[in-house]
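Biologist: Please take a close look at one pocket for me. I would like its lining described, and then the strands of the model as well.

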Amino acid sequence: MQVNHSLKPIYTKNAKVLILGSMPSVTSRKLGFYYAHPKNRFWKTLEQVYEEEIGPTKNEKIAFLKRHNIALFDVLKSCDIVNSSDQSIKNPIPNDLLPLLKDTQIKVIFTTGKKAYQLYQKYSYPSTHIKAISLPSTSPLYCPKGIEEKLKEAYKQIRKFTD
């Protein structure tokens, strides 16, 4: 099934770090926000890394990102995908990241998961020339229970660039 990315990037001119997923999940598309599945560990992991509660609302999450100079978007503009499975992605069309990068202070890009990293390297890196750092997926599809400490350690890298 072809899916078009429907979420706008979240960023401010002061953003120093860009975190990229591959494509929003079915739940995220339905709810209209990034990492919206209740079992996705993205927001909980950031809470642990920054040692602060983010809050459940979209506005609280956006305020957190802006406060910490973090931009959030996805590599793909559209693709064929089965449910939320990154492994099923076919016919990918990338988002144009250059306008976002030109409008910010971003010097570091992180990807959430191997597929986002592979897609970024193939479709975006040739134009951005910013190397990406691959972080583990926080998706409930690819992230087993009991991995919270491992996620926290990996995601701590983000804080080095935002503090």
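**The second largest pocket**

Modeller: The second largest pocket has a volume of about 280 Å³. Keep in mind that this is a predicted model. The pocket is lined by 15 residues. Closest to its centre are Y35, W43, G55, P56 and K61. Two elements each give two or more residues to this lining: α2, spanning 42–50, and α3, spanning 58–67. Of the elements, α2 supplies the largest share, with three residues. Sorted by class, seven of the lining residues are nonpolar. Four are polar, and four are charged.

Now to the strands. Three of them make up an open sheet. Their order is β1-β4-β5, and the pairing is antiparallel. The edges are held by β1, residues 2–4, and β5, residues 90–94. Each of these edge strands pairs on one side only. From one strand to the next, the twist averages 10°.

The pairing of β1 with β4 can be followed by residue. Strand β4 covers residues 76–80. Three bridges join β4 to β1, and the two strands run antiparallel. One residue pair to look for is N4 with S78: S78, in β4, is the bridge partner of N4.

To recap, the pocket lining draws two or more residues from each of α2 and α3, while the open sheet is formed by β1, β4 and β5.

Notes
Residues numbered from 1 in each chain as written. Predicted model: local features only at pLDDT ≥ 70, side-chain atom pairs only at ≥ 80, totals over all residues. Heavy atoms only, no water. Pairing = 2+ DSSP bridges. Helix = DSSP H or I, 4+ residues; strand = E, 2+ residues; numbered from the N terminus. Axes fitted to C-alpha atoms, helices over the stretch in contact; angles between N-to-C directions. 1 Å grid on protein atoms, 1.4 Å probe; cavity = no way out; pocket = protein on both sides within 12 Å on 5 of 7 lines; lining within 4 Å. Points joined across faces, edges and corners; volume = space filled by probe spheres on them. Nonpolar A, V, L, I, M, F, W, Y, C, P; charged D, E, K, R; others polar.
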